[in-house]
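Me: I would like to learn how to read packed helices and empty spaces in a protein model. Could you take me through them one step at a time?

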Amino acid sequence: MTVEQPHRASSDGQPRFGRTALEILAETFEAALDDRLAIVSGRVVELSTEHIRVEGLSKFTKLGDWVSITTDVGDAIAETLRVERDTILVRTIEERHQPFLGAPVRLASTLKLGPDETWKGRVIDALGRPIDNGPPLSRGRRFIPIDQAPPLALERQRVSESVPTGVRVIDVFTPLCAGQRIGIFAGSGVGKSTLLSMLTRGSSFDVTVFAAIGERGREVREFIDDTLAKDGLAKAVLVVSTSDESPMMRRLAAKTAFTVAEYFRDEGQRVLLVFDSVTRYAHAVREIALSSGEPPVSRGYPPSVFTDLPKLLERAGNSSGTGSITGVFSVLVDGDDHNDPVADTLRGILDGHIVLDRAIADQGRFPAVDILGSVSRLAPRVWSPSQKSAVRDLKGLISRFEETRDIRMIAGHKPNNDAELDKAVRLVPALYRYLTQSAEDLHPGETLDDMLRLMLRAS
């Protein structure tokens with residue numbers, strides 16, 4: 001990660017003739033402004049656990065600008081969170097870098113990242129520094145701002161190609177498409193992380209970018225050793241910011257992961273971006289916004305959370321080139337409430353959602369996907385008419401089976417009275433057994449027609 005400092009534009013030094021007095025005045029004013037920006041600095045006048053107040057930069061700073069603060073352990077990078085008449089509020093990216101009263105503060109500009117092909121197989125932090133005890137990272141030929149705008153709507157290629165994952169319940173009922181953004185909605189302990197690890201083992205992508213945002217440090221090591229080491233470490237880039245790091249690092253890590261994914265997409269590669277989890281990212285944004293004085297509006301979430309989420313997630317998908325970013329975003333549903341503000345907002349942003357149900361997990365069926373509650377908005381584009389009909393019929397049988405579960409538990413179902421229910425009772429348990437898989441039991445070579453044929457045979 002590099003930080004650009006403001007600098008004065010160079011001049012050719014050649015005399016110019018025929019200029020008007022207005023042009024000379026404008027050039028003189030511009031040069032004076034450049035000189036002022038080159039030397040302008042502020043100082044820290046207030047320290048708290050939530051923010052740092054800086055005096056002397058309010059006339060030269062806007063929201064989101066970066067500044068450099070002198071500390072005892074070197075310069076610390078901080079972001080501007082609030083601009084007032086005489087002071088600004090900033091917050092350092094790393095909490096271990098804390099300044100002292102009166103510390104000088106200088107302007108900085110855009111944070112940039114220089115990804116490279118050699119980053120595959122590496123683990124980095126939010127600032128693009130290696131944390132895997134490996135050699136220093138090679139810097140790419142171009143540096144990319146971490147706050148890039150999403151591709152324009154009319155410049156995106158349409159999503160039209162399905163991507164086999166080897167997870168049968170997903171490939172049949174909620175197929176994943178290249179350039180799609182889909183969410184995995186689950187409470188804690190329902191198999192969310194296991195399903196994510198299964199999806200990363202597919203061979204349909206050129207590179208996997210895994211963003212571990214606000215998760216347990218233990219899980220990161222286990223994911224590397226147990227999942228990627230066997231199948232995909234050589235083509236994966238991990239961006240890690242665990243729960244013990246500052247909210248600034250957690251929010252920045254999300255942008256870093258997207259920047260790395262965008263680099264490989266712009267190189268024409270098919271990228272799988274696995275983001276675990278969007279909820280922890282939203283929590284980091286909430287903490288930063290509240291510390292800057294923003295009022296909460298919905299269950300403790302300030303408005304900026306709901307403006308930041310689409311800005312970030314819209315960066316995934318197809319662009320005007322041949323590359324694509326297929327995004328799989330895990331959503332931690334607090335208290336199994338699928339209507340909490342973050343989950344409800346994400347359902348409207350993403351192209352589909354896969355719901356994991358605790359009751360299904362309690363039955364020992366994994367992945368614990370609620371087939372009737374999950375949907376892929378792009379599935380009709382990749383299904384043939386016969387496949388669409390077959391999937392619709394299977395969902396109808398599952399719906400009939402589940403809605404009569406209580407009646408059957410009390411022996412209220414009499415055979416030969418309802419032909420459709422009789423068929424559901426005979427077929428659905430066999431379908432459930434067929435769809436049950438472990439992390440080691442993947443079938444990426446099976447087509448949808450193969451799976452539909454096998455399910456009917458199994459039933």
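Me: In which hand does H3 pass H4 in this structure?

Reply: Two packed helices are described by the angle between their axes and the distance between the axes. In this predicted model, H3 passes H4 in a right-handed crossing. The axes of H3, residues 192-200, and H4, residues 217-228, come within 11 Å and cross at roughly 40°. That angle is neither under 35 degrees nor in the range 65 to 115, and H3 and H4 are therefore oblique to each other.

Me: Which residues of H3 and H4 meet?

Reply: From H3 come Ser193, Ser197 and Thr200, and they meet Glu219, Phe223 and Thr227 of H4. Sorted by class, the residues of this contact are one nonpolar, four polar and one charged.

Me: How should I read the empty spaces, and what volume has the largest pocket?

Reply: Rolling a probe the size of a water molecule over the atoms shows where empty space is left. Here the largest pocket has a volume of about 620 Å³. It is lined by 23 residues, of which Glu79, Arg251, Lys255, Asp308 and Lys311 are the closest to its centre. Strand S5 and helices H5, H6 and H7 each supply at least two lining residues, and the largest share, five residues, comes from H7. The lining of this pocket divides into nine nonpolar, six polar and eight charged residues.

Me: Which residues line the largest cavity?

Reply: The largest cavity, with a volume of about 60 Å³, is lined by Val169, Arg365, Phe366, Pro367, Val369, Ile371, Tyr432, Leu435 and Thr436. By class, that lining has seven nonpolar, one polar and one charged residues.

Notes:
Residues are numbered from 1 along each chain as its sequence is written. This is a predicted model: local features need pLDDT of at least 70, side-chain atom pairs count only at pLDDT 80 or more; totals for chains, interfaces and linings use all residues. Side-chain values use heavy atoms; hydrogens and water are left out. Axes are lines fitted to C-alpha atoms, for helices over the stretch in contact, and angles run from 0 to 180 degrees between N-to-C directions. Helices (H or I, at least four residues) and strands (E, at least two) are DSSP runs, numbered from the N terminus. Angles under 35 degrees count as roughly parallel, over 145 as roughly antiparallel, 65 to 115 as roughly perpendicular and the rest as oblique. A crossing is left-handed if the near helix is turned anticlockwise from the far one by less than a right angle, and right-handed if clockwise. Contact means heavy atoms within 4.5 Å. Ala, Val, Leu, Ile, Met, Phe, Trp, Tyr, Cys and Pro count as nonpolar, Asp, Glu, Lys and Arg as charged, and the others, Gly among them, as polar. On a 1 Å grid over the protein atoms alone, a cavity is a set of points where a 1.4 Å probe fits but cannot get out, and a pocket is an open set with protein on both sides within 12 Å along at least five of seven lines; lining residues have an atom within 4 Å of a point. Grid points are joined across faces, edges and corners, and a volume is the space filled by probe spheres set on the points.
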